[in-house]
Amino acid sequence: MNRYIALAAFLLSCSQLASQIFMPVLPDITQNLALTEGASQAIIISFFVSLGAAQLIAGPLCDKYGSRPIFICGQIILVLGTLLCALASDANTFLAGRVLQGIGSAAPVLVSRAILYATFKGNKLNSSMGNLAISASLVALITPLISGTLADMFSWQGMSFALIVYYGFVMVFGLIVFPTQQSSNISLRPAALVKQYVDISLSRFFVSMAVLKWAPTFLYLTIQLYFPFLLRNQFGFTTEQIGQAMTVCMGGLLIGSSLAKAMQKRVSHLKVVVYLWPALPISALTFLFFHGSVYAVIFAYCAILFIFGGYFPSYMYYVGHFHTSRSSTANALVGATELLIFSVIAWLANQYLISGPDSISIIVATISIIVLLAAKHLSFAAKSNHCIQGEVTCNSKPNDSL
């Protein structure tokens with residue numbers, strides 16, 4: 001594997017581990033810190049909210065100063081946050097650690113993509129994005145298993161120290177192989193930043209492009225908060241069994257990302273989106289009619305993660321195509337929106353809307369319709385050969401017609 005792809009994969013895994021490793025042990029955290037189920041979910045959501053807010057600052061900083069200094073600062077904050085979680089004996093300390101982890105994770109999320117945009121072009125960029133998606137899927141696949149196993153052996157606090165060691169390794173590796181990047185003249189004045197974000201958000205295909213990321217992320221967050229409690233309360237799973245079940249589900253990410261990489265060599269990114277779409281209604285129907293079977297529930301969640309993995313390369317292609325010179329800023333806007341808004345909606349849905357798998361099926365079915373509408377709108381980009389960067393339009397053919 002190319003060293004820059006490896007670095008991008010390592011960086012993205014830092015954020016993935018921070019966000020996912022506590023999910024299988026959420027019932028244990030709830031018990032040890034004497035929390036209600038809703039309070040423990042709120043603490044987990046605090047990570048995503050702080051991650052979203054931090055991206056709004058980290059994205060423009062990456063575009064202006066290059067990724068290296070942002071990477072270093074992010075890793076330091078990530079280590080400090082993880083240390084607080086490891087030492088937490090009460091809810092407030094754990095909450096502070098999660099917030100710091102979220103802030104620190106903004107850097108590796110954005111820098112991992114910025115490295116590939118700066119290093120590769122054309123088909124090589126497409127291939128590198130596919131490789132990044134596959135590596136991210138592999139990390140997601142093994143994280144629940146690692147979490148459940150380590151928590152049974154050392155407690156959830158003990159497994160946090162292993163994360164600190166890993167983050168240190170990634171920081172050393174990054175300092176050795178980080179590519180040289182030039183700074184830009186992007187203004188960081190608040191008014192200028194707001195204008196950049198407004199320009200990007202009002203560009204013609206921004207929302208449709210972002211839906212490819214927002215939709216699977218929202219479903220992932222919503223179901224991920226509910227799933228461990230479903231497995232424990234309805235099927236009597238232990239912490240280790242929850243980790244194993246979520247590992248199986250994460251296999252959907254790997255299948256989706258691998259299939260998308262293979263498909264993009266033969267068909268357009270838009271066709272990849274359309275061809276993979278049936279997994280969403282299939283998941284909704286499975287949750288609705290077969291929720292009494294643990295195998296069916298796991299399959300339904302696996303289908304959601306299949307879409308998550310399969311849509312990631314297409315989303316990254318459209319970001320690079322529509323916002324070439326401001327990819328980190330555009331990524332930050334998409335990421336901040338999904339995490340600041342949709343993570344809160346996911347938590348609220350768990351509190352007030354979700355009463356069982358049947359309500360999950362309604363949410364999945366609704367999102368599937370939204371995705372189909374977004375794909376239809378993106379087809380106009382292919383027909384008009386638009387390349388939009390804020391308010392700037394150029395004639396670059398995306399080769400994405402249906």
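**Close-up 1. Helices α8 and α9 cross with right-handed geometry in this predicted model.** Helix α8 spans residues 206-235 and helix α9 spans residues 239-263. Their axes lie 10 Å apart. The packing angle is about 140°. That angle makes α8 oblique to α9, because only angles over 145 degrees count as roughly antiparallel. From α8, the contact draws on Y220, Q224, F227, P228, L231 and R232. From α9, T239, I242, A245, M246, C249 and M250 take part. By class, the residues of this contact are 9 nonpolar, 2 polar and 1 charged.

**Close-up 2. Helices α11 and α12 meet in a left-handed crossing.** Helix α11 covers residues 279-289, and helix α12 covers residues 294-322. The two axes come within 9 Å. They cross at roughly 160°. Helix α11 is therefore roughly antiparallel to α12, since the cut-off for that class is over 145 degrees. On the α11 side, the contact residues are A279, L280, I282, S283, T286 and F287. On the α12 side, they are A296, V297, F299, A300, Y301, A303, I304, F306 and I307. This contact contains 13 nonpolar and 2 polar residues. No charged residue belongs to the contact of α11 with α12.

**Close-up 3. T337 of helix α13 contacts a backbone oxygen through its side chain.** Helix α13 runs over residues 327-352 and includes T337. The side chain of T337 reaches the backbone oxygen of L333 at 2.7 Å. This distance qualifies as a polar contact because the N or O atoms of such a pair lie within 3.5 Å. Leaving aside residues up to four places away in sequence, T337 touches W214 and F342.

**Close-up 4. F10 and F169 form an edge-to-face aromatic pair.** The model has a count of 16 aromatic pairs. One of them joins F10 and F169. Their ring centres are 5.4 Å apart, centre to centre. The planes stand at 90° to each other. The pair is edge-to-face because planes over 60 degrees apart fall in that class. F10 sits in helix α1, residues 3-20. F169 sits in helix α6, residues 122-177. The two residues are 159 residues apart, and their pairing links distant parts of the chain.

Notes
Residues are numbered from 1 along each chain as its sequence is written. This is a predicted model: local features need pLDDT of at least 70, side-chain atom pairs count only at pLDDT 80 or more; totals for chains, interfaces and linings use all residues. Side-chain values use heavy atoms; hydrogens and water are left out. Axes are lines fitted to C-alpha atoms, for helices over the stretch in contact, and angles run from 0 to 180 degrees between N-to-C directions. Helices (H or I, at least four residues) and strands (E, at least two) are DSSP runs, numbered from the N terminus. Angles under 35 degrees count as roughly parallel, over 145 as roughly antiparallel, 65 to 115 as roughly perpendicular and the rest as oblique. A crossing is left-handed if the near helix is turned anticlockwise from the far one by less than a right angle, and right-handed if clockwise. Contact means heavy atoms within 4.5 Å. Ala, Val, Leu, Ile, Met, Phe, Trp, Tyr, Cys and Pro count as nonpolar, Asp, Glu, Lys and Arg as charged, and the others, Gly among them, as polar. A polar contact is a pair of N or O atoms within 3.5 Å; within protein, one must be able to donate a hydrogen and the other to accept it, and residues adjacent in sequence count only if both atoms are side-chain atoms. Rings of Phe, Tyr and Trp (its six-membered ring) pair if their centres lie within 6.5 Å; planes under 30 degrees apart count as stacked, over 60 as edge-to-face and the rest as tilted.
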